[in-house]
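Let's take a look inside a protein and see how its strands and its core fit together. Have the chain open while you read.

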Amino acid sequence: MTLILGIDPGSRITGYGVVRDTGRGCEYVASGCIRTGAGALHERLQIVFRGVSEVIRSYEPVTMGIEQVFMARNADSALKLGQARGAAIVAAAEAGLEIAEYTASQVKQAIAGTGGADKQQVQMMVMHLLKLVQKPQIDASDALAIALCHAHHRQSLIPHGLASAKRRGGRLRL
């Protein structure tokens with residue numbers, strides 16, 4: 001059984017989700033949001049780093065999936081998102097986790113069966129797959145979807161002996 005951390009990065013709200021991959025499916029462990037407030041960017045990035053580090057210390061996952069940066073309409077927002085991603089990646093790398101990156105459409109495809117699914121569709125599928133009775137916060141739901149996507153990709157690579165073959169510098173490239 002493998003504990004997997006999923007991260008939905010953001011400079012104001014970073015969602016996290018932890019699932020246990022049993023080999024026959026995934027079980028919910030924990031989820032939540034790291035809220036950074038409205039301080040200076042460097043302070044918010046420090047909160048993301050410390051928050052992800054604390055989640056890693058608390059649940060001891062061995063691998064992490066994180067959403068890749070997409071080009072937003074606002075370049076400043078995309079840059080801040082990238083910096084928040086970096087803070088989360090450094091926290092995971094410092095803890096020795098394997099790290100895999102997924103596009104939003106890869107996550108949606110893995111969870112909802114279509115890369116064009118909206119957030120509510122993904123949230124409902126996360127609830128169904130993990131047998132949750134309450135809706136998680138939307139950022140936490142996205143993070144759980146990333147963790148489930150990572151579990152799915154890991155399972156599809158293991159039979160082919162590729163689970164660790166693509167690892168470079170601690171990051172798993174898919």
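## Strands and cores

Strands E4 and E5 run parallel and are joined by five bridges. Here, helices (H or I, at least four residues) and strands (E, at least two) are DSSP runs numbered from the N terminus, and two strands pair if DSSP finds at least two bridges between them. This is a predicted model, where local features need pLDDT of at least 70 and side-chain atom pairs count only at pLDDT 80 or more, while totals for chains, interfaces and linings use all residues. Residues are numbered from 1 along each chain as its sequence is written, and side-chain values use heavy atoms, with hydrogens and water left out.

On E4, Glu-67 sits opposite Tyr-102 of E5. E4 also runs parallel to strand E1 (residues 2–8), with four bridges between them; Ile-7 has Ile-66 as its bridge partner in E4.

| Strand pair | Bridges | Direction |
|---|---|---|
| E1 and E4 | four bridges | parallel |
| E4 and E5 | five bridges | parallel |

So is E4 (residues 63–67) covered or not? Five of its five residues are buried, meaning under 20% relative accessible area (1.4 Å probe, protein chains only). Thr-63, Gly-65 and Glu-67 point one way, Met-64 and Ile-66 the other.Now for the largest nonpolar core, which has 20 residues, Val-19 and Leu-148 being among those with the most contacts inside it. A nonpolar core is a set of buried Ala, Val, Leu, Ile, Met, Phe, Trp, Tyr and Cys residues joined through side-chain atoms within 4.5 Å. Helix H5 (138–157) is one of the elements giving two or more residues to this core, and H5 gives the most, with seven residues. A second, separate core of 19 residues includes Leu-3, Ile-7, Ile-34 and Ala-87.

Methods. Buried means under 20% relative accessible area, exposed over 50%, partly exposed in between (1.4 Å probe, protein chains only).
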